[in-house]
Amino acid sequence: MATMQTFEQIEEDFEYLDDWEDRYRYVIEIGRELPDMPDRDKSDANKVQGCVSQVWLTTSVKDPHSEDPVLNYQGDSDAHIVRGLVAIALAAYSGKRASVILGLDENDVFSRLGLIENITPQRANGLRALVRRIKQEAARASAAAAG
């Protein structure tokens, strides 16, 4: 099984790809490396609202009683390019502390790859919806730890 790339690796690879056709192919390839989500997790409760394609997200909290818990996300989509965008978002946000997740500006993160400007408005909105859900989960975990 292929290991997921870090956001930094993805960013470096993007720098070597000059044209957007190559970048799209690479995004699809990254999506193929995304671990499959079990069918039982592809439920309405895990569905990300605001995405044209079907996108699911699950969250696990490592050390939930910590003041600043670490969150791990698993995601999937029924569309190849969107699955790649999900993989990029997970590379940027998963495995980080709640405070870091909440502090990451998604516009900055994705503009470093030129993504928002080069994907359809619907996909850009879906990507924002995914990040909104990721941040909601981080805020919830943070509040639960503080509560």
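**Exercise 1.** At roughly what angle do the axes of H2 and H3 cross, and within what distance do they come?

*Solution.* In this predicted model, the axes of H2 and H3 come within 7 Å and cross at roughly 75 degrees. Angles of 65 to 115 degrees count as roughly perpendicular, and the two helices, H2 and H3, are therefore roughly perpendicular to each other. The contact involves Tyr-24, Val-27, Ile-28, Ile-30, Gly-31 and Arg-32 on the H2 side, which meet H3 residues including Gly-84, Leu-85 and Ile-88.

**Exercise 2.** Determine which residues touch the most other members of the largest nonpolar core, and which helix gives the most to this core.

*Solution.* The largest nonpolar core holds 42 residues, of which Ile-88, Phe-110, Leu-115 and Ile-134 touch the most other members. Helix H3, spanning residues 80–93, gives the most to this core, with eleven residues. Not counting residues up to four places away in sequence, Phe-110 touches Ile-88 and Leu-115, among others.

**Exercise 3.** Describe the salt bridges of Arg-112, and contrast them with the situation of Arg-23.

*Solution.* The side chain of Arg-112 meets that of Glu-11 in a salt bridge, at 2.9 Å from N to O. This pair links distant parts of the chain, 101 residues apart, with Arg-112 in the loop between helix H5 and helix H6 and Glu-11 in helix H1. Arg-112 is partly exposed at 39% relative accessibility, whereas Glu-11 is buried at 17%. A salt bridge also joins Arg-112 to Asp-108, at 3.9 Å from N to O. Arg-23, in helix H2, is buried yet has no salt bridge, the nearest side chain of opposite charge being Asp-18, 5.9 Å away.

How values were computed
Residues are numbered from 1 along each chain as its sequence is written. This is a predicted model: local features need pLDDT of at least 70, side-chain atom pairs count only at pLDDT 80 or more; totals for chains, interfaces and linings use all residues. Side-chain values use heavy atoms; hydrogens and water are left out. Helices (H or I, at least four residues) and strands (E, at least two) are DSSP runs, numbered from the N terminus. Buried means under 20% relative accessible area, exposed over 50%, partly exposed in between (1.4 Å probe, protein chains only). Lys and Arg count as positive and Asp and Glu as negative; His and the chain ends are not counted. A salt bridge is a side-chain nitrogen of Lys or Arg within 4 Å of a carboxyl oxygen of Asp or Glu. A nonpolar core is a set of buried Ala, Val, Leu, Ile, Met, Phe, Trp, Tyr and Cys residues joined through side-chain atoms within 4.5 Å. Contact means heavy atoms within 4.5 Å. Axes are lines fitted to C-alpha atoms, for helices over the stretch in contact, and angles run from 0 to 180 degrees between N-to-C directions. Angles under 35 degrees count as roughly parallel, over 145 as roughly antiparallel, 65 to 115 as roughly perpendicular and the rest as oblique.
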